[in-house]
Amino acid sequence: MSRGSLLAIIVLLGLTAGSSRADGLVYQLNGDGAWVQFQGEVTIPSGAVLPIEVVLKSVGRMDPLDNPLRWIELKVSGDLDVRTQIIKLLIPEKELQEGADPLANVVRGWRRADNQSPKALENGRGFWQQVLLAGALTNVQPLDKVTIDSKLGSLECEGLTGQATVRGDNGYEMALKYEVRRHPKAPFGVVACRIQSEVSKNGKTTGKTTIDLHLSGFGADAES
């Protein structure tokens, strides 16, 4: 599968997909201004390995009628067909924690691809949002703790595995399997994450992709 084919799957599953649930990279919420950077790789079905960088930020807070909201900004970049995407979503704080469903409760949002002008989003759904920012996993199983060296130092991280499914139009479906390593010192709770996806159309597998991410930077001075 070429990078162009990967982009086609992203468009088919991301722009038309229905509800999915996957905790992804958000298990806790720290103070506004918190940010975390993940470096990693995307292994596509052809066997090619592409670099990827994900930056997750908290870039603003609102408190209307005792329902605190947080602006969450997600930047995905790398050697991909759309080399840089910036997605900014206004989400209730109570939905930005383990077991919640943030993408079902987006108040407003924008997306900017490469150097194009930002476009308003009708909802929070989209490929990278659903893979990295959705809600609670199904079939969750604990993993033994492991020690991971990161920018936060050497941390003993608990782990879990779980699953989610994203369904799109035209018979496309993406089955997702997560392996997440967590520690409370990480700004959003995640130190490392592996996401395996298998795409099928009308029950026939069309390709498998693996995304590996590890924490490579963090701070408390995020700006949009």
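The following dialogue examines strand pairing and salt bridges in a predicted model.

Modeller: Local features need pLDDT of at least 70, side-chain atom pairs count only at pLDDT 80 or more, and totals for chains, interfaces and linings use all residues. Residues are numbered from 1 along each chain as its sequence is written, and side-chain values use heavy atoms, with hydrogens and water left out.

Biologist: What makes β1 and β2 paired strands?

Modeller: Strands (E, at least two residues) are DSSP runs, numbered from the N terminus, and two of them pair if DSSP finds at least two bridges between them. Nine bridges join β1 (residues 35-43) to β2 (residues 49-62), so the pairing criterion is met. The two strands run antiparallel, and T43 has V49 as its bridge partner in β2.

Biologist: Why is the contact between R61 and E93 called a salt bridge?

Modeller: The term requires a side-chain nitrogen of Lys or Arg within 4 Å of a carboxyl oxygen of Asp or Glu. The closest N and O atoms of R61 and E93 are 2.7 Å apart, so the pair qualifies.

Biologist: Why is E93 called buried, but R61 partly exposed?

Modeller: Buried means under 20% relative accessible area, exposed over 50%, and partly exposed in between (1.4 Å probe, protein chains only). E93 has 16% and is therefore buried, whereas R61, at 45%, counts as partly exposed.

Biologist: Which class does K208 fall into?

Modeller: K208 has 52% relative accessibility and therefore counts as exposed. K208 also forms a salt bridge with E198, the closest N and O atoms being 3.6 Å apart.

Technical notes
Helix = DSSP H or I, 4+ residues; strand = E, 2+ residues; numbered from the N terminus.
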